[in-house]
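User: Hello! I would like a close look at one part of this model, with the cut-offs spelled out along the way.

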Amino acid sequence: MDWTRSAVMAAVFLAANGLGAQAHPVSVQVLAINDLHGNLEPPRGNDGRVNGVAAGGTEYLATHLKNAEKENPNSIVVAGGDLFGASPLLSALSEEKPAIEAIEAMHVAVTALGNHELDHGPDVLLERLKGAKIEYLAANVVREKSFMPSTTVRTVGGVKIGFIGEILEDAPSVIAAQSIRGMKFLEESRVANEAAAKLERQGVHTIVLLIHEGGFQHPEGGAPVDPNGCVHFKGEIADLAEKLSPSIKVVISAHTHANYNCQIAGHTVTSAGAYGRLFTKLNLSIDPKTDQLLSVNATNVVVTRDVEKDAEQTAIIAKYKPVVDQVSRRPEGSITAAISRKARSSDGESESGESQMGDVIADAQLAATSAPDKGGAVIAFMNSGGIRAELPGPARDVSFGELYAVQPFGNHLTVHTMTGAALKRLLEGQFAGSGNAQIMQVSDGFTYQYRTHAAPGEHIVPGSVKLNGKPIGDTDVLRIEASDFMAGGPAFHEATDGMIGPVDVDALVEYFKAHSPVAPGPQNRIVRVD
């Protein structure tokens, strides 16, 4: 055998066995969604648009995902949590079965745990997921009973990818206390770094963190938010990313319902908004010999409604829709114009945190609890995060399904006694934490002013806390309404003499029956002075 022939045969042998030549990187596509909240049908109003473009609905989302998968067969679909919970009636009335079926039909393989998936407690969640193929991860949740794994490893295109799943450490502030008794939520970065180190010891070197925590962009001058921007980005996830191990190159985040695509301390950090209006397309280049991640390219894609509807999703909606239509379409009142849940002050410029919908809900809850035999409330509070939808205009009738979408949690109204001093401390508590105020919505007749930029305990302007124009004194005793979700939190620890009232959506329905046509709230109760 001559030398040339021997060399050729050797080259053929080496190539056949993947030896002697540089292996080409494997391109893996990770497709991510978050905060779907059971929105199978397209969301209405501003909730169904991205910068003016109609977006969302699982019939369209599924088609977009399948089209993306055709571009790269090495694909996996993952999520950042809250795929259901706080869902529209279509899914909620059937115990979230429609949402779970829709998610499985879109081949979502792995997701982090979201706070709203725990609204009814861990046992109900596990029962709902029984038999489901989607894998939930909750690395930083500790519970006596067996719950959810911390990580999973998936092989895609012949390379291994490790996924870590986490929920926000502050989950107890956004979940009713009775739903998470016996559960502990650990600091996210430490747990994620420990999980990443364990994956690396197992030979897994491409690691993705799925985490139900997020942040916000802050464009200047009220400019539209670029879904792929990272303008003046702030939030818990930004601080968290700074603490993450370099081995975690990709962070798919959620919770804030915001759109962003950021590079933070060497990590690609993304979020695709909420309600299925966008999805994130991540292209990973991975060395097949070492499973090391070589590069990442991420893009948030708008789920436009100009594509063909997915037949599987259409069938799921059609199966469950007759169950809810009779209840959902029942007229309950009317509106004079659109009622927005965006928080703007009455001057339309500075943000006070007060919204038109917040005013209406707080008034409805006061109306339901103000009678002496109903609790004798004189002030009602509503948490802004519990307002899940708006009522699009123009003047028209409003259905039960629409009102349910505004308040889908089934929280009970409660009335407690508080002193004026305790009430002021409650208001100051809105400014605790990372600096982002969590402004509560308030009922008619209650007013106050605040400064964002102030020392702790000095945000509320002295003498501005009033009821029907009269300053509230520290020794005054008042009956205060709030949902059992709010009243179960630490902010209401000084409240006494509790009384349980009706379910929140029932109070809203009764208010619309009695006060229609309902006008948008005036947004003149809370004033920001800086």
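Which residues of helix H4 (residues 97-105) are buried, and what do the buried residues of H4 pack against? Please carry on to the second largest pocket and the aromatic pairs too.

Analyst: Happy to help! This is a predicted model, in which local features need pLDDT of at least 70 and side-chain atom pairs count only at pLDDT 80 or more, while totals for chains, interfaces and linings use all residues. Residues are numbered from 1 along each chain as its sequence is written, and side-chain values use heavy atoms, with hydrogens and water left out.

In H4, the buried residues are Pro-98, Ala-99, Ile-100, Ala-102, Ile-103 and Ala-105. Buried means under 20% relative accessible area, with a 1.4 Å probe and protein chains only. Helices (H or I, at least four residues) and strands (E, at least two) are DSSP runs, numbered from the N terminus. The buried residues of H4 pack against helix H2 (58-71), H3, strand S5 (108-112), helix H5 (122-128) and H8, where contact means heavy atoms within 4.5 Å. After H4 comes His-107, with a positive phi near 60°.

H3 and H8 turn up again in the second largest pocket: helix H3 (89-92), helix H8 (311-328) and helix H10 (400-406) each supply at least two residues of its lining. H8 gives the most, with 4 residues. A pocket here is an open set of points on a 1 Å grid over the protein atoms alone, where a 1.4 Å probe fits, with protein on both sides within 12 Å along at least five of seven lines; lining residues have an atom within 4 Å of a point. The space in the second largest pocket is about 640 Å³. It has 28 lining residues, and those closest to its centre are Glu-41, Arg-44, Pro-88, Gly-401 and Ala-405.

Now for the aromatic pairs, of which the whole structure has 6. Rings of Phe, Tyr and Trp (its six-membered ring) pair if their centres lie within 6.5 Å; planes under 30 degrees apart count as stacked, over 60 as edge-to-face and the rest as tilted. Phe-381 and Phe-446 are edge-to-face because their planes stand at 80°, with ring centres 5.9 Å apart. Phe-381 lies in strand S20 (residues 379-383) and Phe-446 in strand S24 (residues 446-450), so this pair ties together parts that are 65 residues apart in sequence. Phe-446 is buried, at 0% relative accessible area. Phe-446 also forms a tilted pair with Tyr-448, 6.0 Å centre to centre and 45° between the planes. One aromatic cluster takes in Phe-381, Phe-431, Phe-446, Tyr-448 and Tyr-450.

How values were computed. Points joined across faces, edges and corners; volume = space filled by probe spheres on them. Buried < 20%, exposed > 50% of the residue type's maximum accessible area, 1.4 Å probe, protein only.
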